[in-house]
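Dear colleague,

Please find below the structure for your review. My notes on one region of it follow directly after.

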Amino acid sequence: MKYPDDALLENVRYSYPEYSAYIEVLSVKRFRRGLPAMHWHDDVEFLLILSGGDDYTVNGEKIPLTAGEGIFVNARQMHYGTPTENSRALCVRLNPRVLCMSPYFETTYVLPVTENTNMPYVKLSPDTEWQKNLMNGLREMYRTCESPSAPLHIHGLFCFVWSLLSDNMPDCSRTDRSSDDLTAIETMIEFIESNYARKLTLAQIAEAGHICESKCCRLFNRYVHKTPNAYLVQYRLGKAAELLVSTDDSVTEIAFACGFSGASYFTELFRKSFGSTPKEYRETNRK
């Protein structure tokens with residue numbers, strides 16, 4: 001499944017220039033092993049599995065999804081998908097600000113959902129009536145997205161979908177999620193993704209999150225299921241893969257540009273992750 005951007009704070013590409021909605025059916029042609037694009041955004045995201053499956057991860061928690069199921073991911077939650085090779089899914093991203101018609105709507109209907117710390121995500125099942133209706137609303141968005149008045153139809157359906165979330169959200173008076181820990185891991189990952197091209201140490205990564213090195217490792221294990229260094233290497237390899245396809249730079253130039261100490265070491269790691277050498281990957285994936 002193709003995810004738009006490896007940047008942590010994703011710059012979402014909308015389907016309509018004047019309305020904050022992205023609606024597309026995504027499919028997998030070739031599974032890129034080991035390089036999920038972890039990110040967050042101010043938009044809420046819905047994913048409806050049409051075929052195959054996806055092991056979706058939200059704030060470090062893995063949620064397996066199969067055909068007919070879906071997921072709602074709330075705003076600014078760290079997430080990524082690991083789809084099966086034959087997976088097809090309807091992806092809908094919408095910015096809740098389009099529902100803020102007045103301060104009353106914002107404070108009464110929008111913020112209680114987006115700021116509900118007990119609802120980072122909702123796994124959607126066709127066996128639950130309100131969730132089934134929500135998923136039907138997403139399908140209707142897709143069916144109408146090519147019509148001349150698509151934003152109007154989508155907006156009406158978004159209000160309907162949002163009302164279902166609002167009416168069925170859990171009580172937010174208590175929370176089991178540590179907002180400080182989540183803020184720290186988000187800050188450290190953003191630091192890695194802004195400085196991956198230079199030499200980074202565990203101490204520098206931990207300092208970015210204003211925590212000690214041992215807690216840094218614990219948080220990465222909890223939320224990312226990798227060590228800080230493993231995530232750094234993964235991100236560098238992802239950036240290198242992008243450069244191999246989008247530029248004519250040599251393998252050596254790309255290796256150094258992405259923070260690797262040499263072409264041989266880079267090639268070894270790249271082969272282990274992608275199953276091919278950098279040159280083979282370039283030849284296969286260039287249009």
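I begin with a turn. In the hairpin formed by β3 and β4, two residues lie between the strands, and asparagine 59 adopts a positive phi near 50°. Please bear in mind that this is a predicted model.

The two strands of this hairpin, β3 (residues 53–58) and β4, are paired in the antiparallel sense over six bridges. Within that pairing, aspartate 54 has leucine 65 of β4 as its bridge partner, and tyrosine 56 is matched with isoleucine 63 of β4.

Strand β3 also pairs with β6: five bridges join the two, and they run antiparallel. Here threonine 57 stands opposite tyrosine 80 of β6.

Taken together, these pairings belong to an open sheet of three strands in the order β4-β3-β6, with antiparallel pairing. The edges of the sheet are β4 (61–66) and β6 (79–83), each of which pairs on one side only. From one strand to the next, the twist averages 20°. As a general matter, the strands of a sheet pair through backbone hydrogen bonds, in either a parallel or an antiparallel manner.

Why is β3 described as largely enclosed by the rest of the structure? Five of the six residues of β3 are buried, and therefore the strand is largely enclosed; buried here means under 20% relative accessible area.

With kind regards

Technical notes. Residues numbered from 1 in each chain as written. Predicted model: local features only at pLDDT ≥ 70, side-chain atom pairs only at ≥ 80, totals over all residues. Heavy atoms only, no water. Pairing = 2+ DSSP bridges. Helix = DSSP H or I, 4+ residues; strand = E, 2+ residues; numbered from the N terminus. Axes fitted to C-alpha atoms, helices over the stretch in contact; angles between N-to-C directions. Buried < 20%, exposed > 50% of the residue type's maximum accessible area, 1.4 Å probe, protein only.
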